[in-house]
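Biologist: I've got a structure open on my screen and a few things I'd like to ask about it. Could you walk me through the empty spaces, the interface and the odd bits of backbone?

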Amino acid sequence: MEQLSAKELRDRIAAGQTSSVEATMAVFERIRQFEPTIGAYISTCEEKALEAAADVDKRIVAGEPVGQLAGVPVAVKDNMCTTFGATTCASRILENFHAPYNATVVDKLLAADAVIVGKANMDEFAMGSSTENSGLKQTVNPWDTSRVPGGSSGGAAAAVAGGLCFAALGSDTGGSIRQPASFCGVVGLKPTYGRVSRFGLVAYGSSLDQIGPITQTLADTALVLNVIAGHDPADSTSVNEAMAAACDYLEELEEPVEKLKIAIVPEYTAGADESVQRALSDAIEVYKKLGAEITEIDMPHLDYATAAYYVIATAEASSNLARYDGVHYGHRTQSPKDYVEVYSKSRAEAFGQEVKRRIMLGTYALSSGYYDAYYLKALKVRNLIRGDFTSAFEKYDCIIMPVAPTTAFKIGEKTDDPLQMYLSDIYTIGANLAGIPGISIPCGFDEDNLPVGLQILAPAFGEEKLLRIARMFEKETDWHKRTPPIV
Amino acid sequence: MAQLQHKVIVGLEIHVQLCTKSKMFCGCAVEFGAEPNSRVCPVCLGMPGVLPVMNKQAYEYSVLTAMALDCRIPTFTKWDRKSYYYPDLPKNYQISQYDLPLGENGFIEIPLESGRTKRIGITRAHLEEDAGKNLHTAGNFSQVDLNRTGTPLLEIVTEPDMNSGAEVRALAVELQRMVRFLGVSEADMQKGHMRFEPNINLAILKDGVEYRTSIVEIKNLNSFRALERSVNHEEHRQLDEFLDTGKVMKMGSKTTRGWDDEREVTVLQREKEEAHDYRYFPEPDLMPVKLAPRWLDDIRSHMCELPLKRQMRYVEQYKLSDYDAGVLTAERSTADFFDEAVEAGGEPKRVCNILAQTGLRKANEKGCSIAQLGVQAIDVAKLAQEIETGRINASSAKTIFEEIVKLKANVFSRATVEDPLTVQRIAEQLNLIQKSDAGELEAIVDQIIAENPKAVEDVTSGGKKSKKAKGFLLGQVMQKTKGQANPKVVSEILAKKLG
């Protein structure tokens, strides 16, 4: 069963060749078997999932219309609000928080008749690149359980790679979908900022956050994107349909892009590990064989992306996380001596180290007297980076580069060195700053049999073409067909 | 003896609650006095993952007000987050406008007691969301009511152009009248729809040298009386303090005081403005607001003639007293009704008298506006005309007015009330048409003269008693005619007959 992609499963369920209940039960059987090792989920909801699956099966038998993801077991990162189960953001401050509403994407999954099996682990409040910052549990990489799954959507990527669901939703603020997808050998898409509603996504860096699919194949990515994309009146930053309408991303997926022009940025990516470099060169060769024209370009401002990102994201985070104060919901300290202590102790007790570090960084960057030097300067850098991408896309259909400088690293390897950890986002951050879509697809393995991801970046709202470009590669290779040894 | 002169300098921050149906960034109802925490949703509660959506109406109301304040209206503005921790602020930041307010560099004219007006500069006007309320009821805990959280507030900041408590009050009253005319706020002081924070200091001229006292901000005043008195109190307190200590303004030495309404004194709250760093930055969850020309025109189309201008026009054009013009322009509905009645042919002064003496009293009694009494503007115009021609007198006009109100209150007679001949019909029904026919009245006057020789003698003899006796005879005629004689005609006949 786990060999099927989400789309294949959907088609089989629709054709009556299998049932959603059967698929869902199989997923929970695997969860019982592998979850103790992988640790992908913060919570699962078997009963509710089986009920939903049975409902889909009944409707299919009755010949009633069903949604695009009818009967497919999926996972949702635990920073998207659900009225069922807790929404913890992997933080002890929200450990027992039950949202009174569903995130728009959750409602859309349910409307498409997807079967939600659980909430996936993550770095606390999506701050991290290894899921080691989860305040609630450890997730490991299904390819090598001594290694991290990447992050912050590490639980979602590990669940897809480990066959603990057929597809998942992650969120990406600086690479949090693409990097774990790369580490876990699956496909991860960060859509254009504004393509998918953020309503109900617990905010980290509001101007950078975007929800996207983590799947086994590009067809699955297109399928899930079909379900979640589109304007949401509850999210003022989601793009108006009149400006850039979402389309059926499956429809043209198999159509190769003619006269494909690809840009690469060798100077920028020279620092990546040799195995990563090798996989990238191989990928370039694949595209060359497909007739693509490859051009080396310079992105002069990308060097400053990480610095700008850690100012902007932390500044926004310091404000977004101010609401977790123990007053209205979430963890509250015992016997505070006054209301100020309700704040200081509740937060000191329940936030993890990395969250505290970023709140402090962001608070500092926004402080009077420092604002111009940090936040304002970072916004200017952001505009320059956006400009670099805009001019590149005037000439080229896409830019390809590695997703991360390394493959999955060892658990604990970088936890004492936040700067090293921050640098694992070095190639992914640019897309968030520029608001453009980026995808990670499996493109090879290193000497330790760890997956390597290829990142493809496209102009804003160019998801349709981006997926077609990625699909050209997927068709030519079978990296995506390999499964982790644990499976 | 030292030569000493001083001048108080006041600038004002005013928060005006806009009368939108729903809150600034969510769909919750704006409602005063509801059960605590019953007008809330995940958005105004600041739950994880929620996003704000701008209330367009609130923005339009604010721009309209800024236009009325002659502000420059930038076509591009944005939202900012203002961060501070307080239990009544669930997100621990307030969505506001920092460096790009929706209006700036305006002014407002305020009426002075002298009858002249004074121009007060408006520094800026911006829109923001209100916080909730902390309730300190009993016990060693506080409770938070978040019903008010997210209510749209327009903050208006004036230049320090006012120089007395009376001027500050005049501005507050004028602004209240203005926002009510614009229909953007109920401006009900009892419900906290307008809150004031004056900044006050003194310029003191002593022996030819000018000194400035430190600026004092008085927090959260919500009545005109408290506003005026606190400014007056602060003026004297600062002068005394200067004379006692000689302390003058230092950079950043602003203090905050509260107003003790019972003792009528200001009380020190914070010696030094705590190093408040609000860490403003652009709100990433909301798009900047771009005012396209068409949208701007649409907002401008809701502009009305503003109350002070209208008051001055009534004085100028209709020769009404400033007092009467003020009464008519206290409420938009009264002024509109007045204009309509004048438009329908009523003589302005007479229309004004009917409205001021009968209409407003009646409306006040019923707790509604003049327009809601059921009397049509055309009826009032008619009444004014009937008085003008002498067919009825002022007191009959009042009776007829009240009769129409009574009829209107009875829904079944609605049809009759809208009859354009209402006034005439009621006047006839109630026998209120004045007798102005000289021939008919002459006979009655003759009769009264015959019956009252003493009074006649007093009149003809002239002297002290003459005037009183004339009045007596007139009264007798009125009594005889059950008030229907036209007193003007009777007086003329009396004068002719008794020399």
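Modeller: Sure, and keep in mind that this is a predicted model. One term before we start: a cavity is a set of grid points where a 1.4 Å probe fits but cannot get out.

Biologist: With that in hand, how many cavities of 30 Å³ or more does the structure hold?

Modeller: Rolling a probe the size of a water molecule over the atoms shows where empty space is left. Counting the enclosed spaces of 30 Å³ or more, the structure comes out at six cavities.

Biologist: Which residues are closest to the centre of the largest cavity?

Modeller: The largest cavity has a volume of about 110 Å³. Its lining divides into nine nonpolar, two polar and five charged residues. Of the 16 lining residues, the closest to the centre are B:Phe25, B:Val43, B:Pro52, B:Lys91 and B:Ile95.

Biologist: Moving to open spaces, which element gives the largest share of the lining of the second largest pocket?

Modeller: That pocket holds about 700 Å³ of space. Among its 25 lining residues, B:Pro111, B:Val173, B:Glu174, B:Arg177 and B:Gln311 are the closest to the centre. Two or more lining residues come from each of α2 (165-182), α5 (307-318) and α6 (322-328) of chain B. The largest share, nine residues, is from α2(B).

Biologist: And how does the lining of that second largest pocket divide by class?

Modeller: Here Asp, Glu, Lys and Arg count as charged. On that basis the lining of the second largest pocket splits into 11 nonpolar, five polar and nine charged residues.

Biologist: Now the interface: how much area do chain A and chain B bury between them?

Modeller: The size of an interface is often given as the accessible area lost when the parts come together. In this model, 38 residues of chain A are in contact with 30 residues of chain B. Carbon and sulfur atoms carry 59% of the buried area, and the total is about 2800 Å².

Biologist: Which three residues of chain A supply more of its buried area than any other three?

Modeller: Together the trio supplies 22% of the area that chain A buries against chain B. Its members are A:Ser236, A:Arg323 and A:His328.

Biologist: Which residues form the salt bridge between chain A and chain B?

Modeller: Side chains of opposite charge can pair when their charged atoms come close. The count between chain A and chain B is one salt bridge, alongside 17 residue pairs in polar contact across the interface. With its closest N and O atoms 3.0 Å apart, the salt bridge is formed by B:Asp285 and A:Arg198.

Biologist: Over all chains there are 66 salt bridges, so to pick one: how many residues apart in sequence are the parts tied together by A:Glu463 and A:Arg195?

Modeller: The closest N and O atoms of this pair are 3.7 Å apart. A:Glu463 lies in helix α16 (residues 463-476) of chain A, whereas A:Arg195 lies in the loop between β5 (187-190) and β6 (210-215), so the pair ties together parts whose separation in sequence is 268 residues.

Biologist: Last one, on the backbone: which two residues does a cis peptide bond join?

Modeller: Most residues other than glycine have a negative phi, and most peptide bonds are trans. A:Cys89, in the loop between β2 (73-77) and α4 (104-111) of chain A, has a positive phi near 55°. As for the cis bond, omega is about 15°, and the residues joined are A:Gly151 and A:Ser152.

Key. Residues are numbered from 1 along each chain as its sequence is written. Chains are lettered from A and ligands numbered from 1 in the order in which they are written. This is a predicted model: local features need pLDDT of at least 70, side-chain atom pairs count only at pLDDT 80 or more; totals for chains, interfaces and linings use all residues. Side-chain values use heavy atoms; hydrogens and water are left out. On a 1 Å grid over the protein atoms alone, a cavity is a set of points where a 1.4 Å probe fits but cannot get out, and a pocket is an open set with protein on both sides within 12 Å along at least five of seven lines; lining residues have an atom within 4 Å of a point. Grid points are joined across faces, edges and corners, and a volume is the space filled by probe spheres set on the points. Contact means heavy atoms within 4.5 Å. Buried area is the accessible area (1.4 Å probe) that two parts lose on being put together, summed over both. A salt bridge is a side-chain nitrogen of Lys or Arg within 4 Å of a carboxyl oxygen of Asp or Glu. A polar contact is a pair of N or O atoms within 3.5 Å; within protein, one must be able to donate a hydrogen and the other to accept it, and residues adjacent in sequence count only if both atoms are side-chain atoms. Helices (H or I, at least four residues) and strands (E, at least two) are DSSP runs, numbered from the N terminus.
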